[in-house]
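Here's a quick briefing to read with the structure open beside you. It goes through some backbone oddities, the two ligand sites and a couple of helix pairs.

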Amino acid sequence: MQDSPNRGTFIVIEGIDGTGKSTQVRMLAEALRADGHEVVQSFEPTNGQYGKVLRESASTGRLSIDDELDLFLKDRAEHLDQLILPALAEGKIVILDRYYFSTMAYQGARGLDPTMIREKNEAFAPQPDLLLILDLDVESAHQRIGLRGDTTNDFEKAENLRRCRDIFLSLKPEPFARVVPSTGSIEEIHSQLLELARSQLKSASK
Ligand SMILES: Nc1ncnc2c1ncn2[C@@H]1O[C@H](COP(=O)(O)OP(=O)(O)O)[C@@H](O)[C@H]1O
Ligand SMILES: Cc1cn([C@H]2C[C@H](O)[C@@H](COP(=O)(O)OP(=O)(O)O)O2)c(=O)[nH]c1=O
């Protein structure tokens with residue numbers, strides 16, 4: 001399936017909240033379209049039947065860890081089936097804002113073993129060709145999204161995100177992963193990501 005000769009290129013952008021993922025996914029997709037590629041951009045959790053339950057749970061009360069993991073897996077399987085794999089089979093570039101590395105990080109930070117989470121995902125979800133991890137300290141990321149860190153809730157969120165960041169950084173040795181510091185300007189980071197994506201596309205076409 002993923003190894004068909006017409007397969008496109010699968011790029012994933014990850015990082016904790018406020019690192020600039022959605023900004024960079026949009027800019028990267030536009031730049032690659034301007035280069036003449038067909039690009040599909042998407043995000044997880046999706047707006048599909050399982051993704052909706054996950055989004056609603058953020059305001060209606062958090063699910064049990066097992067139910068949460070189960071829904072992220074179902075949402076991803078549906079996303080792969082309906083959008084990601086068909087686009088790759090047609091030779092398109094797919095760019096995702098979050099994928100199973102977010103499950104490793106966030107459900108891992110909540111107490112599950114990231115290695116177990118990875119195995120459950122890789123049983124059905126292909127590895128991306130390029131994983132771009134935007135890295136920023138939790139305080140700066142919080143400032144960008146307007147959290148001040150002066151309530152107990154903010155403090156707990158910060159502790160949790162520090163664990164997420166560490167899990168993302170643990171992926172650094174993977175051959176398909178690149179950690180990009182998200183401390184520069186939006187334009188600077190965009191240039192770095194575009195260069196990495198273009199060199200991936202070049203090596204894939206050899
Ligand atoms: N490199 C950057 N420097 C300063 N602000 C940024 C940068 N990248 C993004 N932002 C701003 O930070 C906020 C969060 O960015 P966003 O792309 O939504 O992040 P994420 O999708 O990772 O949560 C937005 O207001 C965005 O304009
Ligand atoms: C994809 C994914 C997201 N998440 C979390 C991360 C986010 O806090 C939340 C919603 O993701 P997202 O919509 O990307 O939020 P934001 O735009 O605020 O970054 O879902 C998980 O816990 N596990 C996962 O597998």
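Arg98 sits in the loop that runs between strand S3 (93-97) and H4. Keep in mind that this is a predicted model. Arg98 has a positive phi of about 80°, even though it isn't a glycine, and it also turns up in the shell around ligand 2.

**Backbone oddities**

- For background, most residues other than glycine have a negative phi, and most peptide bonds are trans.
- Arg98 counts as buried because 23 other C-beta atoms lie within 10 Å, and the cut-off for buried is 20 or more.
- Gly111, just after H4, has a positive phi too, at about 130°.
- The peptide bond joining Glu44 and Pro45 is cis, with omega at about -5°.
- Pro45 belongs to the loop between strand S2 (39-43) and helix H2 (49-60).

**Around ligand 2**

- Which residues surround ligand 2? They are Asp17, Glu44, Pro45, Phe72, Arg98, Ser102, Thr103, Tyr106 and Gln107.
- So both partners of the cis bond, Glu44 and Pro45, are part of this shell, and so is Arg98 with its positive phi, going by the 6 Å cut-off.
- By class, the shell splits into 3 nonpolar, 3 polar and 3 charged residues.
- Helix H4 (residues 100-109) is the top contributor here, giving 4 residues.
- H4 is mostly covered, with 9 of its 10 residues buried.
- The buried residues of H4 include Ser102, Thr103, Tyr106 and Gln107, and those four are also found around ligand 2.

**Around ligand 1**

- How many residues surround ligand 1? There are 14, and the closest are Gly20, Lys21, Ser22, Thr23 and Arg144.
- Two elements give two or more residues to this shell: helix H1 (21-34) and helix H8 (186-205).
- H1 supplies the largest share, 3 residues.
- The shell breaks down into 8 polar, 3 nonpolar and 3 charged residues.

**H1 against H8**

- Two packed helices are described by the angle between their axes and the distance between the axes.
- For H1 and H8, the axes come within 10 Å and cross at roughly 55°, which means H1 is oblique to H8.
- The crossing of H1 and H8 is right-handed.
- On the H1 side, the contact is made by Thr23, Gln24, Met27, Leu28, Ala31 and Leu32. On the H8 side, the contact residues are Ile186, Ile189, His190, Leu193, Leu194 and Ala197.
- The residues of this contact divide into 9 nonpolar, 3 polar and no charged.
- An α-helix has 3.6 residues a turn, so residues three or four places apart point the same way.
- Thr23 does double duty: it's among the closest residues to ligand 1, and it also takes part in the contact with H8.

**H2 against H3**

- The axes of H2 and helix H3 (residues 65-89) come within 8 Å and cross at roughly 145°.
- This crossing is left-handed.
- Tyr50, Gly51, Val53 and Leu54 of H2 meet Leu71, Phe72, Lys74, Asp75 and Glu78 of H3.
- That contact has 5 nonpolar, 1 polar and 3 charged residues.
- Phe72 of H3 touches H2 and is also part of the shell around ligand 2.
- Is Gln49, which is found in helix H2, buried or exposed? It counts as exposed, because it has 11 C-beta neighbours inside 10 Å.
- Gln49 and Leu71 are 22 residues apart in sequence, and their C-alpha atoms are 9.6 Å apart in space.

Notes:
Residues numbered from 1 in each chain as written. Chains lettered and ligands numbered in written order. Predicted model: local features only at pLDDT ≥ 70, side-chain atom pairs only at ≥ 80, totals over all residues. Nonpolar A, V, L, I, M, F, W, Y, C, P; charged D, E, K, R; others polar. Axes fitted to C-alpha atoms, helices over the stretch in contact; angles between N-to-C directions. Parallel < 35°, antiparallel > 145°, perpendicular 65-115°, else oblique. Left-handed = near helix turned anticlockwise from the far one by under 90°. Contact = placed C-beta atoms within 7 Å. Buried ≥ 20, exposed ≤ 12 C-beta atoms within 10 Å, placed from the backbone.
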